Structure formats: structure tokens, C-alpha cells
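Reader: Could you zoom in on one packing spot for me, and then walk outwards from there? I'd like the terms spelled out as you go.

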Amino acid sequence: MLSTFWQVWVSVIVLGSIIGCGVLIMYTSRGMRKEETDQTTGHSYDGIEEIDNPLPRWWVFMFWGTIIFGLGYLASFGLGNYQGFLTVTVDGKEVPWSQTNQWKAEVQAFDQEIAPLYAQYSSTPVAELIHNDDALQTGQRLFKSNCSVCHGSGAKGALGFPNLTDKDWLYGGAPAQIVQTITNGRQGAMPAWGAILGDEGINQMVNYVRSLSGLKHDATLAEEAAPKFLQNCAICHGANGKGNQMMGAPNMTDETWLYGGSSKQIEMTLRYGRSGKMPAHKEILGANADAKIHLLATYVYSLSNK
């Protein structure tokens, strides 16, 4: 919506230009000869004389044609905040044409057209739908539009964003769990332990965590941290450090590290904590959201199961 100043500014320039062109044609046509002649206007430039002929009629008609087309265009589509007579159907109602309303109308028309295909896909379980190449391609396009900015176009993730192509799942990799993650999102939180464990305790815990996955560590320091792990960390990660998918607590006994497995990165995680959020996509995906989530889940599930 334009402000009053810009509405007046745009209107004066557009309408003034059109009217000015019409006035210019009328002014230059006054007193002009009707037929061609050999007489000159008296103007001579480098020996080239200007013949006093009328403007070509086709040129004049074309110019008037552009003026009429311009006025018709403005009457149809409007000018600034002024609405034209054209309308589009949005949410079942006829509304004035605008770029936004035109976009909404086209999106809604597409959603209605594709709804039967979505319904067909939704009726097929994820585990079976991964064998449908067309469904997978649709799911891949949805993934690239909505998920690749965090997980990467190849879904291999990045620091803080899970790799979706392996078998390691924070909240579970079953179709129902993937659908739930996409639909409602996830909120991960690892509290900061720096003030609780202190520098010495953090160093001991770093070595203990590295020992769980068989990484190089100081066995003496790791042994000293073992009781502290059971006291402070086992409630989320389990006594054996294998994690808890109900809470999204990572398994620390494998080779997958969401925030890195070096001593420095583990220390950062322990000292300052981590916070990760997977946004809920049901509203983000808009129309046919449930069907789109089903296709997205199918594509994600296929990455590690096909």
C-alpha cells in the first residue's frame, strides 16, 4: 500500500506522461500538410534538408494505439492504490486484482489441482511409498525448498544440524517419528555444566565422553568423571551413554557427533551447553500440509532405508 505522497507522485507521473504524449501528437499535427510535398521547412543540416511532409499515418495511429492500450491497462489492473475492474478468486471470493491476489489465486488453483495426487500418495504408507520414484522426486523438491538450508541439499547436515542419510536418529527414524518431527518440530537443549563441574570437572568429563566412543582419552581423568556422569548426565543420555530418543539425547557411544567430537568441541558443549530447534512445518507448508509432510517423511526415510 502506497502512502498518499507516493500515490500522488506515481499517478501524476503516469497519467501526466500519457496525457502529455497525446497533447504532443495533437500539437504537432496542427496545420500539418495532408499530402507529401517537395517543399522544405528551411532547415538544413550538413547539406541535408528537412522536407515539410506530414507524420506517417501508421506512426500516428500506432502512437494513439499505445496511449489507448496504456489507459486500458490502467483501467484493468489499477494504478498504485487505485484498483482496476479485473478481479481474481481467492478463498472462494472475488477480490480486486493485485500481484499478491494473483499469486494466491494461482497457488490455490494449483493446490486444488494437485490435491487428488496428494491424496493418492497419502493413502500409501511411507515404507511402501519410498519405491515410488515420482513421490520421491516430489518429496525431494519439498525438501530442497524447505529443509536444505539447514540439512544441506544432500541432507548430510552440518555442525548442529543432523545428517539425515545415516542410521543415527536423535528422535527416532521410524516413519511415524519422522512425521511427528516434521509436523511439530523439536526443541533440543543441553544445559551448561561449566559452573557446576568447574574447569577440572569439565576436563575429566571431556575424557570420559571421548572414552565412550573409543576416542583417544586420558583413562585416569575419564575414570574420575564416571561417577559425575552417572550423577549428572545419565538421566538424559542413559547410564551407558547410548542416549534417549524420547528426549532427543544423543548416543555418545557411536561415531556421530552433532557438534563435533574433538576435545575442544566437546568442552564447548559441556561448558556452555547447546540449544537446537527444528521448527514445526505444518503451518509453514500451507495447503495440503499433511500430504506434503507425508511426502517429506517418505523422502527423508528413503535416504537411509532404500
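## A close look at one helix crossing

Author: Helix 5 and helix 12 are roughly perpendicular to each other. On the scale used here, angles of 65 to 115 degrees count as roughly perpendicular, under 35 as roughly parallel, over 145 as roughly antiparallel, and the rest as oblique. Before going further, a word on what you're looking at: this is a predicted model, where local features need pLDDT of at least 70, side-chain atom pairs count only at pLDDT 80 or more, and totals for chains, interfaces and linings use all residues. Numbering starts from 1 along each chain as its sequence is written, and side-chain values use heavy atoms, with hydrogens and water left out.

Back to the crossing. Helix 5 covers residues 133-146 and helix 12 covers residues 289-305; their axes come within 8 Å and cross at roughly 100°. Helices here are DSSP runs (H or I, at least four residues), strands likewise (E, at least two), and both are numbered from the N terminus. An axis is a line fitted to C-alpha atoms, for helices over the stretch in contact, with angles running from 0 to 180 degrees between N-to-C directions.

Who does the touching? From helix 5 you get Ala 135, Leu 136, Thr 138, Gly 139, Gln 140, Leu 142 and Phe 143, and they meet Lys 292, Leu 295, Leu 296, Thr 298, Tyr 299, Val 300 and Ser 302 of helix 12. Contact means heavy atoms within 4.5 Å. Sorted by class, this contact has eight nonpolar, five polar and one charged residues. For the classes, Ala, Val, Leu, Ile, Met, Phe, Trp, Tyr, Cys and Pro go down as nonpolar, Asp, Glu, Lys and Arg as charged, and the others, Gly among them, as polar.

Helix 12 also packs on helix 3 (residues 99-122), at an angle of about 50° and with the axes 9 Å apart. Helix 3 and helix 12 are therefore oblique to each other, and the crossing is left-handed. Left-handed means the near helix is turned anticlockwise from the far one by less than a right angle; clockwise makes it right-handed. Here Asp 111, Tyr 118, Tyr 121 and Ser 122 of helix 3 meet Ala 291, Lys 292, His 294 and Leu 295 of helix 12. That contact divides into four nonpolar, two polar and two charged residues. Lys 292 and Leu 295 are worth a click, since they meet helix 5 and also helix 3.

Now hop over to helix 8 (residues 194-212), which packs with helix 11 (residues 263-272) at about 140°, axes 9 Å apart. This pair is oblique as well, and its crossing is right-handed. On the helix 8 side the contact includes Ile 202, Val 206 and Val 209, while Ile 266 and Leu 270 are among the helix 11 residues. By class it comes to six nonpolar, two polar and four charged residues.

Val 209 makes a nice anchor in helix 8. Val 209 is buried, with a relative accessible area of 4%; buried means under 20%, exposed over 50%, and partly exposed in between, with a 1.4 Å probe and protein chains only. Leaving out residues up to four places away in sequence, Val 209 touches Met 252, Trp 257 and Ile 266. Its C-alpha atom is 80 Å from that of Phe 63, 146 residues away along the chain. Further on, the loop between helix 8 and helix 9 (219-232) holds Lys 216, which is exposed at 76% relative accessible area.

Two loop residues deserve a glance at their backbone. Most residues other than glycine have a negative phi. Ala 155, in the loop between helix 6 (148-151) and helix 7 (175-184), has a positive phi near 65° and is buried at 0%. Asp 46 has a positive phi too, about 55°, but this residue is exposed at 81%.

Zooming right out, the chain has twelve helices and six strands. Its radius of gyration (over C-alpha atoms) is 35 Å, well over the 19 Å that the globule rule (2.2 Å times the number of residues to the power 0.38) gives for 306 residues, so the chain is more spread out than a compact globule. The C-alpha trace spans about 110 × 50 × 40 Å along its principal axes, and 32% of the residues count as buried.
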